[in-house]
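Here is a short briefing to read alongside the model on your screen. Keep the viewer open and follow the points at your own pace.

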Amino acid sequence: MPTNLFIDTNLLEAALKAGGLKTKRETVNLALKEFIQRRKTADVLSLFGTIEYDADFDHKEERHRDR
């Protein structure tokens, strides 16, 4: 799907150099993947401190429990 975007050329060139990639397409795709990953990480991190846990739960015992 061809797309015409107006991208800041200075940012694109800086990203191309920083990423050590050969093409603008590779650079944009990598930037989008990293952006998505950071957002997913932020979503997971926002859960810290909000989930209650059972202090008496023994995860090691669960490993050896008969299945």
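In this predicted model, H2 is the top contributor to the lining of the second largest pocket, giving four residues. That pocket holds about 170 Å³ of space, and both H1 and H2 supply at least two residues of its lining. The points below start there, then move on to the largest pocket, the ends of H1, the overall shape and two exposed residues.

**The second largest pocket**

- To find this pocket in your viewer, select Leu5, Ile7, Asp8, Leu11, Leu12, Ala15, Thr27, Val28, Ala31 and Leu32, which line it.
- By class, its lining has eight nonpolar residues, along with one polar and one charged.
- As general background, an α-helix has 3.6 residues a turn, so residues three or four places apart point the same way.

**The largest pocket**

- About 370 Å³ of space lies in the largest pocket.
- Its lining is made up of Met1, Pro2, Thr3, Leu5, Ile7, Thr9, Leu12, Lys24, Arg25, Val28 and Asn29.
- Helix H1 (9-19) and helix H2 (24-45) each give at least two residues to this lining.
- Which helix supplies the largest share of the lining of the largest pocket? That is H2, with four residues.
- Sorted by class, the lining of the largest pocket has six nonpolar, three polar and two charged residues.
- Leu5 appears in the lining of the largest pocket, and Leu5 is also listed for the second largest pocket.
- Val28 is another such residue, found in the lining of the largest pocket and in that of the second largest.

**The two ends of H1**

- Aspartate 8 caps H1 at its N-terminal end, where a side-chain oxygen of aspartate 8 lies 2.8 Å from the backbone nitrogen of asparagine 10.
- Aspartate 8 is also one of the residues lining the second largest pocket.
- Just after H1 comes glycine 20, with a positive phi of about 65 degrees.

**Overall shape and surface**

- The chain has three helices and zero strands, giving the pattern α-α-α when read along the sequence.
- The radius of gyration is 22 Å, while a compact globule of 67 residues would have one near 11 Å.
- Along the principal axes, the C-alpha atoms fill a box of roughly 55 × 25 × 25 Å.
- What percentage of the 67 residues count as buried? The figure is 4%.
- The accessible surface of the chain is about 7,100 Å², and carbon and sulfur atoms account for 56% of that surface.

**Two exposed residues toward the C-terminal part**

- Alanine 55 sits in the loop between H2 and helix H3 (59-64).
- Alanine 55 counts as exposed because its relative accessibility is 65%, and the cut-off for exposed is over 50%.
- The C-alpha atoms of alanine 55 and arginine 25 are 49 Å apart, with these positions 30 residues apart along the chain.
- Arginine 25 is itself among the residues lining the largest pocket.
- Arginine 63 has its place in helix H3.
- Is arginine 63 buried or exposed? With a relative accessibility of 52%, arginine 63 counts as exposed.
- From arginine 63 to glutamate 34, 29 residues apart along the chain, the C-alpha atoms are separated by 35 Å.

Technical notes. Residues are numbered from 1 along each chain as its sequence is written. This is a predicted model: local features need pLDDT of at least 70, side-chain atom pairs count only at pLDDT 80 or more; totals for chains, interfaces and linings use all residues. Side-chain values use heavy atoms; hydrogens and water are left out. On a 1 Å grid over the protein atoms alone, a cavity is a set of points where a 1.4 Å probe fits but cannot get out, and a pocket is an open set with protein on both sides within 12 Å along at least five of seven lines; lining residues have an atom within 4 Å of a point. Grid points are joined across faces, edges and corners, and a volume is the space filled by probe spheres set on the points. Ala, Val, Leu, Ile, Met, Phe, Trp, Tyr, Cys and Pro count as nonpolar, Asp, Glu, Lys and Arg as charged, and the others, Gly among them, as polar. A polar contact is a pair of N or O atoms within 3.5 Å; within protein, one must be able to donate a hydrogen and the other to accept it, and residues adjacent in sequence count only if both atoms are side-chain atoms. The radius of gyration is taken over C-alpha atoms; the globule rule is 2.2 Å times the number of residues to the power 0.38. Buried means under 20% relative accessible area, exposed over 50%, partly exposed in between (1.4 Å probe, protein chains only). Accessible areas come from the Shrake-Rupley method with a 1.4 Å probe; for residues, only the protein chains shown count as cover.
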